[in-house]
Amino acid sequence: MGVYTYPKYAYRSPVDLMAGAPQRRPLVVVGAGPVGLAAAIDARLQGIPVLLFDEDDSVSAGSRAVCYAKRALEILDRLGVGDTVVNKGVSWNVGRTFVRKDEVYQFNLVPEPGHKRPGMINLQQYYLEEDLVARAQALGVDLRWKHKMISVQPKADGALLRVETPDGVFDIEADWLVVADGARSPIRRALGLDIDGRVFMDRFLIADVVMKADYPAERWFWFDPPFHPGQSVLLHKQSDNVWRIDFQLGWDADPEEEKKPENVMPRLKAMLGDERPFELEWISIYTFQCRRMKEFRHGRLLFVGDAAHQVSPFGARGANSGIQDTDDLIWKLKLVMDGKAPKRLLDTYSQDRTFAADENLLNSTRSTDFITPKSRVSKTFRDATLALAQQHGFARKLVNSGRLSVPSYLTESALNTPDGDLFAGNMVPGAPMDDAPVRVAGAAAWLLDQMGNRFQLLCFVAEPALSPVTAALLAELAGWPIPVQPLLVCSAAGTMPARLPTEAVFDHVVDEQGLAARRYDAQPGTCYLIRPDQHVAARWRALDVTRIRAALAQATCNV
């Protein structure tokens with residue numbers, strides 16, 4: 001049954017079995033889910049050799065992490081799979097919340113135009129993983145299927161791994177280990193590493209349903225609907241006429257009984273209210289938790305995604321935050337591996353992403369407490385809010401059916417250089433970059449597509465032509481041990497000279513609509529130092545190489 005044919009990836013007998021002593025690799029990633037694959041792809045884009053182990057030989061079953069937010073899509077663009085994922089997925093921006101039959105609240109994730117990506121897409125996780133596997137293979141990731149990690153021994157200079165395969169067991173050493181082995185993380189458990197937080201006493205049924213329906217491509221959430229009284233229901237449209245439906249069941253529900261098709265079908269028929277044909281593609285029961293490790297770095301072991309932190313599914317924070325973990329991690333790891341930054345730079349990975357995880361845990365916990373109140377007082381507040389929301393606008397803002405994933409503004413990051421000049425707007429040090437439409441060589445393009453994988457200096461200028469002094473200063477940046485690549489954002493179209501006086505040629509875009517300047521509160525002379533993960537490191541009203549050098553040192557812990 002179902003619309004998807006699961007790929008079967010080829011197992012290869014490891015040559016390591018024949019080696020007399022453990023082979024050593026610069027970087028090993030454990031877990032070929034979306035987060036582990038994103039880490040491996042990013043590492044290859046940075047030129048790092050990657051060995052990736054997974055104990056299975058296919059993609060994950062079922063829709064799982066179905067919602068991918070705008071920031072994650074922008075990262076997937078940088079990894080080289082954004083177009084494929086968005087073209088296959090169902091784009092949406094509007095979410096609606098109902099109490100019984102009445103709509104009480106709605107939101108729009110992208111209220112302003114001029115962004116390449118939608119606020120959210122829905123796509124079954126197996127499609128995303130398949131795209132990421134193909135991309136990883138194309139980039140030369142050494143992907144090992146049916147390789148199960150059975151022990152990890154941390155060492156001062158790396159880790160010793162014991163791996164089980166159909167042909168036997170072997171040992172292998174890693175300079176660095178990225179742990180992306182999921183919420184149950186056998187590695188984390190085997191090492192006895194902490195993970196603290198709350199487990200919520202409720203159960204939800206997930207059903208992936210194949211059917212033809214004329215519901216719009218929106219997120220619909222019901223409290224106390226007529227077809228499932230006293231509980232909540234969530235509906236998402238996915239690709240290939242697959243609909244994701246989540247039914248709240250309560251803690252006393254028997255998971256094995258509720259998963260049986262003969263018990264799922266009546267719930268779906270009651271919801272649909274007609275005799276339309278449908279089939280079940282996947283059924284699962286989940287409970288949820290809001291927990292995280294205290295630290296995401298343990299020596300040479302770096303934990304990412306669900307292995308490091310877990311949230312409830314309301315708000316689409318799981319895979320989205322995991323992809324942002326790798327976005328923060330890999331460029332830092334590359335600098336450390338190359339000897340261009342001290343190892344303490346990797347401590348800022350843990351600091352930045354535990355900060356982001358705490359934001360996600362707070363919002364996820366609030367959503368979960370609202371959806372599944374655990375005390376009489378909480379339930380009274382929730383029910384009163386829902387009743388008032390039907391008539392009063394102020395109460396609608398209190399309805400919490402899952403505040404959706406947004407990127408973390410790393411305003412407390414130790415890598416930021418505080419503002420010394422006055423700026424307005426959201427592009428503060430630590431912010432993820434805003435996108436904007438631009439023109440490149442006369443063709444329509446997007447600002448974010450010109451950024452990433454390296455440090456860059458975003459320079460706002462009136463026109464492409466530069467003075468010899470400015471050109472010489474920018475050329476100096478590109479020649480530093482950690483290069484800073486200039487990108488000129490021009491407010492007026494013009495012709496860049498084939499060669500500037502310094503024999504350097506700089507990339508430039510034209511801010512034809514003025515949106516880039518508006519979103520960055522920029523005027524001619526404004527400069528932004530941008531990290532390889534497209535976060536703002538520092539900004540100034542004028543080009544000053546001394547200040548840029550100091551900010552780069554700050555952003556790489558070379559101070």
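These legends describe close-up views of a predicted model.

**View 1. Arg-292 and its surroundings.**
Arg-292 belongs to strand S16, which covers residues 279–292. Its relative accessible area is 19%. Buried means under 20%, so Arg-292 counts as buried. The side chain of Arg-292 makes a polar contact of 2.6 Å with the side chain of Asp-358. The Arg-292 side chain also reaches the backbone oxygen of Lys-294, at 3.1 Å. Leaving aside residues up to four places away in sequence, Arg-292 touches Ile-195, Asp-196, Ala-308, His-309, Thr-354, Ala-357, Asp-358 and Leu-361. Asp-358 therefore appears both in this list of touching residues and as a polar partner of the Arg-292 side chain.

**View 2. The salt bridge between Asp-175 and Arg-24.**
The whole structure holds 43 salt bridges. One of them pairs Asp-175 with Arg-24. Their closest N and O atoms are 2.6 Å apart. Asp-175 sits in strand S11 (residues 168–179) and Arg-24 in strand S1 (residues 23–30), so the bridge ties together parts that are 151 residues apart in sequence. Asp-175 is partly exposed, at 23% relative accessible area. Arg-24 is partly exposed too, at 35%.

**View 3. Lys-70 and Glu-74 within helix H2.**
Here the salt bridge joins Lys-70 to Glu-74. The closest N and O atoms lie 2.6 Å apart. Both residues are in helix H2, which spans residues 70–79. They are four residues apart, about one turn of the helix. Are Lys-70 and Glu-74 buried or exposed? Both are buried.

**View 4. A network of salt bridges.**
Which residues are linked with Lys-70 and Glu-74 in a network of salt bridges? They are Asp-42, Arg-71, Arg-78 and Asp-327. Within this network, the Lys-70 and Glu-74 bridge is the pair shown in the previous view.

**View 5. Asp-449 and Lys-116, a link between loops.**
The side chains of Asp-449 and Lys-116 meet in a salt bridge, 2.7 Å from N to O. The pair links distant parts of the chain, 333 residues apart. Asp-449 is in the loop between strand S21 (443–446) and strand S22 (455–461). Lys-116 is in the loop between strand S6 (102–108) and strand S7 (120–122). Asp-449 has 40% relative accessibility and so counts as partly exposed. Lys-116, at 22%, also counts as partly exposed.

Definitions and conventions:
Residues numbered from 1 in each chain as written. Predicted model: local features only at pLDDT ≥ 70, side-chain atom pairs only at ≥ 80, totals over all residues. Heavy atoms only, no water. Helix = DSSP H or I, 4+ residues; strand = E, 2+ residues; numbered from the N terminus. Buried < 20%, exposed > 50% of the residue type's maximum accessible area, 1.4 Å probe, protein only. Polar contact = N/O pair within 3.5 Å; in protein donor to acceptor, adjacent residues only side chain to side chain. Contact = heavy atoms within 4.5 Å. Salt bridge = Lys/Arg side-chain N within 4 Å of Asp/Glu carboxyl O.
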